[in-house]
Each structure stands twice: as C-alpha cells, then as structure tokens.
Amino acid sequence: MMQPFNDATRRNIAERCAAFARLAPGDRAGLKRAAVAIALVDAEDGPGGTALLLTLRAAGLRAHSSQWALPGGRCDAGETPAAAALRELHEELGLELKPDDVLGMLDDYPTRSGYLITPVVAWAADSASLSPNPAEVRSVHRIALTDVEQSDAFDFVTIPQSHRRVIRFRHAGQFIHAPTAALIYQFREVLAGRDTRVAELEQPVFAWK
C-alpha cells in the first residue's frame with residue numbers, strides 16, 4: 001500500500017521505529033564504527049509516495065567502488081551514529097537535516113570488511129535540490145517504499161564460502177546485496193511491525209574486503 005509523503009506517514013514511521021526493540025550493542029572489539037542514513041524523501045513519481053535514498057558509489061573510491069549503498073560512512077572520533085549519518089548525508093548528497101529529523105535507529109550490522117554499521121532512519125521534508133558529490137556518488141536513486149514492501153523484493157541464496165544465507169534486494173533489474181540489502185530488509189520489517197534480526201545475513205564474497 002502506498003505511503004503518502006506527509007506528516008501522517010512521518011508520525012507512523014516514527015512510532016514504528018520507537019516500538020522496534022533494537023538490540024543492545026554487543027562486544028564488537030576491533031570493528032570500526034560507521035553509520036548510514038535511511039533517508040525518507042518524496043518519491044516524486046506518480047501520486048507522490050514515500051521513498052528512501054540509495055546511491056551508486058563513485059568508481060574512483062578506494063573501497064566498495066561502483067557498489068550500491070545507503071548514504072553514510074565512518075564515524076569520526078566522539079561522533080554519535082546519528083550525527084555521522086546526518087553529516088554524511090550532507091557531504092554526499094548536499095542534504096542538510098537536523099537532529100529532530102531522526103526518527104530512530106535499527107540494529108547494528110557487522111560487516112566482513114571490519115565495520116559495525118548503525119542504520120539511522122531520518123525524514124527529509126525537502127529533498128528537491130539534491131546535489132550528489134561526484135567524488136563519492138555516481139548517481140542517486142529514490143526507491144519507493146511500495147517497491148521495498150513487495151513480497152518478491154528480497155530473496156535468499158547460499159554460497160559455498162559460508163553457512164549463512166546471502167540476502168539480495170532486486171532493483172531495476174539488478175541485485176543489491178548486504179549490508180545495504182540487509183538494512184533495507186530490516187527497515188521493511190520494522191514498517192510491518194516485526195522485530196526481525198539481520199546481523200547473520202551474509203554478504204557476497206566480493207564485499208568481504
């Protein structure tokens with residue numbers, strides 16, 4: 001069902017995030033802290049639903065170049081995940097949000113490449129003038145929540161290198177993998193009122209480095 005981009009949807013998603021039983025951070029010694037933004041915006045297409053922002057990373061980046069990602073990056077020393085996510089949104093996409101725009105946080109996700117990612121859900125009331133930083137972002141995409149909520153949006157496969165299931169999110173004829181797919185999947189579950197854990201969902205081997 002389409003979720004219109006309005007105050008009622010904002011309140012509903014904030015309530016879902018508040019009701020989500022986020023796992024307490026465990027002992028993740030050795031992992032570098034990072035944060036990403038699940039930034040909710042006007043889908044712009046059709047009747048005007050709610051969407052989340054997804055980026056395709058620039059080809060010249062040292063790590064995970066040309067991969068799909070939520071806006072985000074490493075936390076600076078002493079920086080909270082929420083502050084880091086908002087800072088990265090501004091640096092990558094020129095989108096300036098305030099702490100009051102944060103609706104909640106999801107579970108931390110440990111990556112094979114040595115990061116502990118905190119997803120931060122934020123509401124961007126005005127996203128008409130996005131200006132992607134070409135040094136970091138090749139392109140930016142609005143993924144309608146109605147697409148995320150489709151029953152066939154996600155699937156799970158196995159790989160010989162791991163006993164864990166690999167999650168995939170299908171978008172525009174391509175597969176988007178974990179960690180991005182895992183975080184979007186958990187957000188989809190939160191919207192449905194389910195506390196579904198995703199830390200054990202696997203990444204493809206190319207994302208392990």
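Colleague: Which residues does Asp101 touch, leaving out those up to four places away in sequence?
Modeller: This is a predicted model, where local features need pLDDT (the predictor's confidence in each residue, from 0 to 100) of at least 70, side-chain atom pairs count only at pLDDT 80 or more, and totals for chains, interfaces and linings use all residues. Residues are numbered from 1 along each chain as its sequence is written, and side-chain values use heavy atoms, with hydrogens and water left out. Taking contact as heavy atoms within 4.5 Å, the partners of Asp101 are Arg10, Val121, Ala122 and Trp123.

Colleague: And where does Asp101 sit?
Modeller: Helices are DSSP runs of H or I with at least four residues, strands runs of E with at least two, numbered from the N terminus. Helix α2 covers 81-93. Asp101 is in the loop between α2 and β5.

Colleague: What distance separates the C-alpha atoms of Asp101 and Asp76?
Modeller: Along the chain the two are 25 residues apart. In space, their C-alpha atoms are separated by 20 Å.

Colleague: What is the radius of gyration of the protein chain?
Modeller: The chain folds into four helices and eleven strands. For 209 residues the globule rule (2.2 Å times the number of residues to the power 0.38, for C-alpha atoms) gives 17 Å, and the chain comes close to that, so it is as compact as a globular protein of that length. Its own value is 16 Å.

Colleague: Which strand has the highest confidence?
Modeller: Overall, the mean pLDDT is 90, with 93% of residues at 70 or more. Confidence is lowest in β3 (residues 68-69), at a mean of 90. The highest, at 98, belongs to residues 102-105, strand β5.
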